[in-house]
Structure formats: C-alpha cells, structure tokens
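Subject: Structure for your review

Dear colleague,

Please find below the structure that I promised to hand over to you. I would be grateful if you could read the notes that follow with the structure open beside them.

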Amino acid sequence: MADAVQTNAKRIESAEPRPFGSGYKLIGRDYTTPDMMAKVTGRSRYAEDFRAEGMLFCRLVLSPMPHGRIKHIDASEALAMPGVKAVLTADDIPAQADYLDDNGRTIKASKWGERALTNEPMYQGDPILAVAAVNELTCAEAIERIRIEMDPLPFVIDPLDSLRPGGPNPLKDGNVWVRPKPPATGGPQVSELKWTDADFAEYEQGRLPMGEAPDTWSYGDLEAGFRGAALVLDESFVTPDVSHQCLESRTAMAHWQNSKLYLHTGTQSTYQTAPAIARWMNLTPDQVVLVSEYTGGGFGSKVTGTVIMIIPAILSRKLNAPVMMRISREEEHFIGRARPSIAGRARIGFAKDGRITALDFYTVTNSGAYDEASDGGSAGRIVSLLYQPTAMRWRGVTVMTNTPTRSAQSAPGGMQGIAIIEPVLAKAARKLGVDQVALRRVNCPEGKAEYAAPNRDGKRPHATSCFLKMALDRGAEQFRWQERMARPKRMGTKVRGAGVSLSCYVGGTIGFDGLLVITREGRVQFHSGIGNLGTESVMDVHRAGAEVLDVPWEICDVVWGDTSRVMPYTCASGGSQTTHAMTRAAFAVATTARQQLKEVAARSLGGKPEDYEVRNARVFRKDGAGISFAEAAQKAIELGGIYDGHQAPADVHKVTKSAVAALAGQGLVVAARDNAPRDGDTYSFVASFAEVEVDVETGKYFITDFLAYGDVGTVLHPHSLGGQMLGRSTLGIAHAIGQKWVIDPEYGATVAKRFYQNKPPTILDVPVDMQWAALNIPDPETPVGARGVGEPPVGGGCASILNALSDALGDEIFQRAPVNADTILASLDAGRPMQHPLMGSI
Amino acid sequence: MPEMEDAKISASKEHRITRRRFILGVIAGGAVVGAASYKILSPGGRTRGAGERWITLNVNGRMRRVEVMRQETLAWTLRYKLGLTGTKLGCDRAECGACTVLIDDVPHYSCSVLTNTVRGKRVTTIEGLAGADGTLHPVQQAVVDEQGFQCAFCMSGFIMSAVGFLKKHPAPTRTELAHGISGNLCRCQDYNKILDAMMRGAEYMRRA
C-alpha cells in the first residue's frame, strides 16, 4: 500500500470525504490493541503496582502556606524512630543544570524553574521534604515528629491584584514573565510590572483592565476594521483553572542497579522522559532506565513526567533500597498541574453578515508558581487561525502567582481563547440576526489558511490544510441544526438552547525516527518510544508501517514502555503531535524496510532490487522466485553492515543510532528519519454542536445532545479516534459546566482540592449517546495524511455548551465559565451577570 | 501536614512558626495538607499496637489466609497483601470508584470497606472475572471488542460495577446502565465508548 499512501498528496486535489479505511487494509480499520488483554484482566502494571524486595516507602510534606521560607528543620526525633530511614530536603536535590536540547542547543537552567523540594515554597502544597521509612504508617508518624520553622512571605493569588499599583509580588524578582528584548537572548525572565489606577478604572464594571502588555503582535488595519464594522462588541470573560486530575497520580518507584537508575512511573512520553529524568538528576541519559508500560492519563500534566518523580530516585540511591513514592489524591491536587485561568477581553468588529473585520484580544494568564504557562500566546494564535479576522491584535501578560504550578492541558490556550471568543460571536449573531452556523461559516478558515502575525521573512504562517467548512456543513446537517432552530424553545419551566462552536489545535510535528526489526522468526517488530497514556497512538501509528510493508497485523509486534528495550528518537506525546509525527516516522522506516528487503532478496536470488515486490511477509519476483521475511532476516544477518544494524543511517538521531547498535544482529534492523517535506503548520479542526435543556426554576441544566465533527486528516483507528473526539470534548465541557479551582484569597489556601469539590464530568453529566464523525480527508502535507486529534475538540466542547446556554437564556447570564445553577438563578433574577467576571479562582 | 496537635511543638516559643500554627493560619480554607490520609495504612510488617490478626478471606473463589490490621481497608489487603493490583486506588476516599470489587456479587468501593467485615463473604476482583481456562467474562470480551476505555486506570472498577449491575438488571437501557455505573469516574471521559462496551457486555451476558 506504499504507493497508495504516496499518492495521497495527489488525490487530495479532489478533497472528497471517503469511508474510513478506503484504499487500505489496516489504516482506518478497528482492531484490538496489543495492550488490551492486560488491561482488561488487571494484569497491566502501572507505577504503583510494582513491588521490589526490601522496598521502602516515602511520603511528602507539603507547604501549608502559599509563600514562605524554611528557617530550620529538625528531624532528629523522627530519624530516631525505628523504621525511619531518611529525611530528604531541598538541600539534597541536585541544582538545576544547563542541558542540551534534541538539536544540540544548550538550554540554560532557569533560576525560576521548579525543583523537586524547596526551601522557599511558592504555593500552598509545594513539597518541602520527604520521609522514607519501612512503610507509610511509619512515614506518617515520623512526619508528626519533624519540627519545621518557617517565615511567611508576602503572596498573591489573583493576577490582577498583583498588577495593581503597589500590588504584591509572588516573589522578590517580580510578578510577570517577559522575554528578553533583542539582541539579548534566552528564556523568559520574571520582572515587575504594575499598571496604573487609570488602567483599573473599569474594573468595577467588570471590564478587564488592559495596561501595558509585555507581549503583543498584530496584523492588518485594526482601526479601519472597526470603522467599517456594522457591530462592535467589547466583552470580558474569565475561564477557570482546571486540574488535570489524572486518575493515576504521579506515583513513582525507583531502584538502582550497577549505577543505573530504574524508574517506574506514569508518563506521556516514554522515550522523552528518560532524558528529562537524567537532567533533573544530573545523570547522563544512558544512566536512566524508564519503565512506563501503562500510564493512567496525562492530558498534558505528564508530558515528560514531572520533577517530583526524582524524589524516590534520590532516596533510593541514598538508602541503597527500592523506594516507592505514592502520591495521594489530595497531594495530586497541588502537584498534579492545572490549566491556567485566563481573564480575557475581546473587542470585535463585525460586518452585517457576521464577518469579523477587526479583533482586538487581550489575555491575562494566571501562570501559577514556577515556570511560565504560555497559554495566552497560544490563545491569540488559535483565535487568529480559527476565525480568520481581517485585522487582529493580540496583547498578553502572563502573571506568576502563589498558586500551584500550571502546565499545558489538552489544547492549552486554544481552549481558553475559544471559550472567550465564541460567546461574543454568539451574541453578535443574535444582534445581527444572522444564523449561528452561518456566522461561523463566514469566518471559517479554509485550505492553507494564514494566521497570526508575519514571521521574520514578512510572511504569515499557514496551516497545511483545512476543510472545517465542510465539517461545519455536514455537522449542521447531521445535528439537524435548522430543525432545532425552528422548534419552540420554552416548555413550562424548561428552556432549550442550541450552540455551535468552531475548534482547532496543533495537530503534529515532523522529523523523528522510525525503528523496526524483521526477525529471524519472520515477525515485524516495531520499536515505539511513544508513551501509553490511553490514546493508543503508541500502537496505532505502527499500523501505517505495517500497511506500507503490506503485512498482516498478526505478524507485527510493538515493543513499548521500557527504555532498556531500546527506542528510536520519538516526539514527546503532547500537543497532539504523535499521530502525525510518528505515522511519518513509521512510513519512513517501512518504506526503507521495503527497499532493504528488495536489496537483500536481489543479493540472495539475483536480479535487481526493483524486480522484487513485497507482500504478505514475502519478497518475490514476478517469476515467483522469492524469500520469506524470516529468510530475509537470516540473509540480512549474513550480510551485516546496514542490513543487520551494524551500521546506522547517517541522518538518524544519535539516540536512534545507539538503539540500532543495541539491536545489531537480531535480523533486518531498519531505522529511518522522517524527511518528508511539509508546507505549512499542522492543525486539526472540529465543528462542535450541543443542545441544553435548562430548568429556569432550579437553574439546573442537562446537555441533551452533542456532536463533534472532525477534520483530522486520514482516520487511522476509528475506535480510538472516537474516544479522543468525545473524551476531549467532554474535558472541554467540564470547563463550561462545573470544574474550577477555588482559592481563599486571604490565606492563599485551596478550597476545592478533591474530586467531590472539583469533579470532572461523570457519565450522568453528558448525553448517553454523544455523536462524533470525521471527514477522513488526508492531509496533503504528510505521507499517510493523518493528524493529531487529542486537543482540537476541547475548545469546541466548552464553547458549544456556553453558546447553547446563551441561546436558551440570553446574553445577560454569564461572563465567566463554568456556568452553574447559581449563576443562572442569580443572574436571571438580577437581569445581569452576577458572578465576578475577572477573577478565576473564586 | 499531620492533623493532630503535637503538645511539644505547640508549646514551643511564641514567634516560632510551627506546623501547628501553619495549620491554624490556614484552617479557614480547610487546608491541611499531607500525610494524614495515609495514617491508617501499613503495608507489610507489624506496626506497634496496630492489632493485626490472621483471618481467612474468600477472594476470587480461593480461601486466602491473610494478616490484617483492624483498620485495614479491603483495597489495601488486596493490593498490598494478596498481590491483586488490578484493583486501583484513584482517590482512596470513595470518590472515583477505581477500587470497585464485588462482595457477594454487589459492587463496593474497596477503599471504604474494612477487610475484617468481609469474612465469610465472596470477594471478586478483576483478576477473578475470567474463567479458569482464561475465557474472558462477557463484559471483558465486550470491552476488548469495542476498544473501550483509554488509559484504563478506571477500567477494573467500571467492569466490576457493570458486572454487579448487570447481574441484577440483565437488559438495561443505555440510560439505566449509565445510572448503574455512575459511581465510577473516567478522567479520559470515554463514557460513550464505555457505554458502547457495557451495552455489548449486557448482550453477551444475556446470550451466555
């Protein structure tokens, strides 16, 4: 099928949706993933399921105050207890070191980076120390006997508080993240920024202050766009902080053998996590073996693990025994990451038909403690791509606060940007008398849509391909949009509303390596450096390799989840890049394997490589002469050199080269780099539709219908795609219907920290028959045509619900998400939004 | 942080900030952070005054002698004493359902059941669901066929809940089944595919 795959780029010209799997034997068809039997029988081992002889346990002590300095720790009484083995403090943690990135560039250690333990806790729940003992009960008793003296320091919870004249800073260096002005280079720095009283003049009216912004870009003539507009809206909106709440907390178990660290933990990216652990430990990557066959969810919070995972590693080295660090649900709340709240303001000009003539967007991101959350910038770019405003300006400020560390969460920034802009579009459609779908349609990106500001070369970046308009049209039809619009809204105390939203996010990267072995048994063994976090891309992408080799899936094996079993250079599984990046790598390695099989056959049986074909685990000529894969593997071993791994291709990453060396002699060992060209940046798109039914007497509402229609390139595996489309839509829906952090601003203490206070949607919060569909139009800029899909549905999930609510209840109900029964009742009563529009964490 | 007051620490010098005082400072927010949630747990080894004793449990059809503390939860016994790690701890506080097992065919959160209370009862975990010959239970087979679940950390709890529910309600509607398994949380939010799998499981069970 390699030829079919290669002609994708030509077929795209017609851009017609096709049935899943059309033209393929494996791609686009459902199958049982190789990890399924272990999962379904309970044999799958997550980090906490590992046991080792003599294993000790450790427990953390978290800071009770939002900002403070440790003066003195007296652990003598605890250490004297039987069974207590060690107390670890920040003084035992290796300093942050500079490191080389994948491309060999030196990345300077950030002085504001998070460490595993700290002497200056930056948020309530920041880990201060760890205790190791024979069991957790002893750890807990020992913690009771540790005396910690701390000085409280000033703190700030709300970003806008910190930006007020004379407002508190989260640490002495300042309160906002700024990029060094050229010619200076390097990462973002913390510096002080205070706005003026005049900037805050409209705060009490619920309008976001827009003082000096460290980051900005623009394109087009904004003022001309506003002058020519038939309608200009100016709206402020705040999105919630939402915890990732992976069901598996970031537990880790470590032991050492022969100066090598063996770390069992859950992570999104198996290959990419080992160098991260090495960096935090000041080890070389070859000193770390990472075992992560199963991971209980990630959603961006475990892209390459988290620094906390080195605590059991350090204790294990110190105590010469395996150490398990179990993280409780409550601890996970503090150290488990969250999506940052963004307070946004958008002034948007619309033509009569709803076309956006100008969009002026301002974001204030609550970045939390430690490293910068870049959601604000991402919100600007996604909004620019998704709504194609004729002219746009984005300004943003990213504020450090004494709240738990944020990180990327599915569609970071994109979700918040869409949630802020979509309600404005819904309001505009009502004011202009334009149908909601029609207004989205007139603003919808298409083809190689441009976005954001021009690059250094003066050109605006563009997408690889976009067929969102088709997804929107087909979605509206499937959702029976017009029919719903024509129905009466009110029945007694119940009011129905329907909402539509566009959605998109990054859908892939390029330039990684594939690695496979055709074994002497005639099996095709794919080595996968992808994490197994539940998306199944760890398996799915190799179906593209099997397709190119034209072999039945039954003779393929996937080796995954343990870096000692060697892995090629693999992308981090985050940012929805894996399906795209690693199908390209799989395509590259399988294409190279076909060629090498032909060469081996020609050298065995004579003739030229091009005389041979590869099919059904055989390499053969038209006259019938040929060899099996098993024979080809044996011959490859005899030939040696590039055929059996004694020599690696020159262009693969050095990590892949050492993987090839480790596999040398095991059969036909093939590695290849993804060198396929790409014009544009890869994005996936979704059109989301929802209907709600609100009881205006109680404020309670239900989502009665939902549809996500995707433009995600070639469909690789329908079951897993459906899981992503609806699962990530629901992750977005959570932001609309109830999830948020609540932090007491006076004490800086978290109030909502467990599932029951901050609950992800349950099975009863969503319709029992949610729908999804996908166009299945291959992306023309990638060999298999497949793009990532984890993140694109998230924003649409949230915004379609918000839009359905405003369709039911009008524009005067909410200026923030989530919208709960209180919001609805209080606002309906008062005739205006009654909840604070500018502070996320209340 | 520990939840109990330590007399010696509280009595320490005025201006010294002790853990006790940290807690007082933040108690308004309900902010007691840390190890207290693990105090009842003692994996392996004897603990002073914990009152361990040997009992016999019927787990997955086998009689298992096990030494348990009075305050030990069934989830702990299963995972740390009997090696049955298919039962997961997602919250340890009856909020997520990941630890669901069957006790006399009724689903229970094993994080919130004391091991001592299940003597004389039949405990079934995910490991005990398939037949002795390895034949999957119809609900397990349905999950395989529908590629149900994503990360699968919640999977054993969901499957046990569904099996318990379907034993009493063999032919539920999709909505009834959703209610039946609504005590379980899936953070991957794969509810649609879970319901597809469980409805198929119901069908397989009826046919079996």
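In this predicted model, helix 4 (residues 138-146) of chain B and helix 5 (residues 155-168) of chain B have axes that come within 10 Å and cross at roughly 130 degrees. Helix 4 of chain B is therefore oblique to helix 5 of chain B, and the crossing of these two helices is right-handed. Which residues make the contact between helix 4 and helix 5 of chain B? Helix 4 of chain B contributes Val139(B), Gln140(B) and Val143(B), while helix 5 of chain B contributes Met155(B), Ile159(B), Val163(B) and Leu166(B). Sorted by class, this contact of helix 4 with helix 5 of chain B has 6 nonpolar residues, 1 polar residue and no charged residues.

The loop between helix 4 and helix 5 of chain B contains Gln147(B). Although Gln147(B) is not a glycine, it has a positive phi of about 50 degrees. Is Gln147(B) buried or exposed? With a relative accessibility of 1%, Gln147(B) counts as buried, because buried means under 20% relative accessible area.

I turn next to the sheet of chain B. This open sheet has 5 strands in the order 2-1-5-3-4, and its pairing is mixed. As general background, strands of a sheet pair through backbone hydrogen bonds, in either a parallel or an antiparallel manner. At the edges of the sheet in chain B are strand 2 (62-68) and strand 4 (106-109), each of which pairs on one side only. From one strand to the next, the twist averages 45 degrees. Strand 3 (residues 100-103) and strand 5 (residues 122-124) of chain B are paired in the antiparallel sense over 2 bridges. Opposite Ile103(B) stands Val123(B), in strand 5 of chain B.

Which strands does helix 5 of chain B touch where it packs on the sheet? Helix 5 of chain B touches strand 3, strand 4 and strand 5 of chain B, and its direction makes about 35 degrees with that of strand 3 of chain B. Helix 3 (residues 74-81) of chain B lies across strand 1 (53-59), strand 2, strand 3 and strand 5 of chain B. Helix 3 of chain B runs at about 100 degrees to strand 2 of chain B.

Chain A also contains a sheet that I would ask you to examine. This open sheet of chain A is formed by 3 strands in the order 26-27-28, with antiparallel pairing. Strand 26 (612-615) and strand 28 (626-628) of chain A each have a single partner strand, so one side of each is left without a neighbour in the sheet. On average, and with direction ignored, neighbouring strands of this sheet are turned by 20 degrees against each other. The antiparallel pairing of strand 26 of chain A with strand 27 (residues 618-621) of chain A extends over 4 bridges. Val614(A) has Val619(A), in strand 27 of chain A, opposite to it. Helix 18 (residues 629-639) of chain A lies across strand 26, strand 27 and strand 28 of chain A, and runs at about 90 degrees to strand 28 of chain A.

Some individual residues of chain A complete these notes. Ser720(A) lies in helix 20 (residues 718-737) of chain A. Its relative accessible area is 9%, so Ser720(A) is buried. What is Ser720(A) in contact with, leaving aside its neighbours within four places in sequence? The residues are Thr535(A), Glu536(A) and Asp540(A). The C-alpha atoms of Ser720(A) and Lys111(A) are separated by 41 Å, and the two residues are 609 residues apart along the chain.

Tyr370(A) is located in the loop between strand 19 (356-368) and helix 11 (375-387) of chain A. Tyr370(A) is not a glycine, yet its phi is positive, at about 65 degrees. Its relative accessibility is 8%, and Tyr370(A) therefore counts as buried.

Two peptide bonds also deserve mention. Pro182(A) and Pro183(A) are joined by a cis peptide bond with omega of about 10 degrees. Pro183(A) has its place in the loop between strand 8 (176-178) and strand 9 (189-191) of chain A. The peptide bond from Ala817(A) to Pro818(A) is likewise cis, and its omega is near 0 degrees. Pro818(A) is in the loop between helix 21 (793-809) and helix 22 (821-830) of chain A.

Yours sincerely

Definitions and conventions. Residues are numbered from 1 along each chain as its sequence is written. Chains are lettered from A and ligands numbered from 1 in the order in which they are written. This is a predicted model: local features need pLDDT of at least 70, side-chain atom pairs count only at pLDDT 80 or more; totals for chains, interfaces and linings use all residues. Side-chain values use heavy atoms; hydrogens and water are left out. Axes are lines fitted to C-alpha atoms, for helices over the stretch in contact, and angles run from 0 to 180 degrees between N-to-C directions. Angles under 35 degrees count as roughly parallel, over 145 as roughly antiparallel, 65 to 115 as roughly perpendicular and the rest as oblique. A crossing is left-handed if the near helix is turned anticlockwise from the far one by less than a right angle, and right-handed if clockwise. Contact means heavy atoms within 4.5 Å. Ala, Val, Leu, Ile, Met, Phe, Trp, Tyr, Cys and Pro count as nonpolar, Asp, Glu, Lys and Arg as charged, and the others, Gly among them, as polar. Two strands pair if DSSP finds at least two bridges between them. Buried means under 20% relative accessible area, exposed over 50%, partly exposed in between (1.4 Å probe, protein chains only).
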